[in-house]
Amino acid sequence: MIRFLEDLATDEPELVDEQESSFLDLGTGNGQLLVGMREAGFEGLLTGLDYSAPSVEFARGVYATEFPEEQEGNDYEFLHADFLASHAWNPNNREWDVVLDKGTLDAIALADIKYGELTGVQTYPHQVSAFARQLVLITSCNFTEQELIKIMTRDGLFEVFKTVPYPTFEFGGVKGQTVCTVAFTKTK
Ligand SMILES: C[S@@+](CC[C@H](N)C(=O)[O-])C[C@H]1O[C@@H](n2cnc3c(N)ncnc32)[C@H](O)[C@@H]1O
């Protein structure tokens, strides 16, 4: 994911700006993806969000240890929220330039929680489109690339921007890969 964003920052700086772009990591876990982003040279605001309070505390501690010179609230932040449940965690309708998801949509699919009439997977693109300014980058080891694309494009809120190539394996004449990463942009 980081290498893809680095390439994008070089090739399409209007989409990803190494100095300015803000990033929101949905389901940040231990926050390692954000640490990697900073180490790779992305200088904008980094936000990690998770509905697990211990995870938020842990990620905050890891990040603060790695980058003691940075200030929470200014350079980075960790938010405790379920981003599918409501918009209450984002009262000012903030938007992030790039939304990242590494394994969180997978966890949502497996958790099988209902949000009103909708499953988490069904409500996901609607919630994400409210705070994604332009680009959403999702990595899954649960869904195939085609399944992921169907989830995100079904309601017309997102379109495929690019897919990230991974090594493939072949079994019984069928080609496959164990993980997929797809970048989506919001439809106009
Ligand atoms: C499979 S883990 C991935 C963690 C991290 N992104 C990584 O790659 O190591 C999924 C994470 O998403 C969080 N999560 C799942 N559903 C969520 C939701 N609706 N709102 C916020 N966090 C959620 C879980 O608490 C967990 O930390």
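**View 1. The largest pocket encloses about 230 Å³ of space.** The model is predicted: local features need pLDDT of at least 70 and side-chain atom pairs count only at pLDDT 80 or more, whereas totals for chains, interfaces and linings use all residues. Residues are numbered from 1 along each chain as its sequence is written, and side-chain values use heavy atoms, with hydrogens and water left out. The lining is formed by Met1, Arg3, Phe4, Asp7, Leu8, Asp11, Lys162, Thr163, Val164, Pro165 and Tyr166. Two or more of these residues come from each of α1 (2-11) and β8 (158-164), and α1 gives the most, with 5 residues. By class, the pocket lining has 6 nonpolar, 1 polar and 4 charged residues. (A pocket is an open set of points on a 1 Å grid over the protein atoms alone, with protein on both sides within 12 Å along at least five of seven lines; lining residues have an atom within 4 Å of a point. A volume is the space filled by probe spheres set on the points, which are joined across faces, edges and corners. Helices are DSSP runs of H or I with at least four residues, and strands are runs of E with at least two, numbered from the N terminus. Ala, Val, Leu, Ile, Met, Phe, Trp, Tyr, Cys and Pro count as nonpolar, Asp, Glu, Lys and Arg as charged, and the others, Gly among them, as polar.)

**View 2. The largest cavity has a volume of about 40 Å³.** The structure holds 1 cavity of 30 Å³ or more (a set of grid points where a 1.4 Å probe fits but cannot get out). Tyr51, Leu84, Ile108, Ala111, Ile113, Tyr115 and Gly120 line the largest cavity. This lining divides into 6 nonpolar residues, 1 polar residue and no charged residues.

**View 3. Helices α4 (residues 104-111) and α5 (residues 120-131) pack at an angle of about 140 degrees, with axes 9 Å apart.** The two helices are therefore oblique to each other (neither under 35, nor over 145, nor 65 to 115 degrees). Axes are lines fitted to C-alpha atoms over the stretch in contact, and angles run from 0 to 180 degrees between N-to-C directions. Leu105, Ile108 and Ala109 of α4 meet Gly120, Val121 and Tyr124 of α5 (heavy atoms within 4.5 Å). The contact of α4 with α5 comprises 5 nonpolar, 1 polar and no charged residues.

**View 4. Helices α2 (residues 32-39) and α3 (residues 53-66) pack at about 20 degrees, with axes 9 Å apart.** This angle makes α2 roughly parallel to α3. Gln32, Leu34, Val35, Arg38 and Glu39 of α2 meet Val62, Tyr63 and Glu66 of α3. The contact of α2 with α3 has 4 nonpolar, 1 polar and 3 charged residues.
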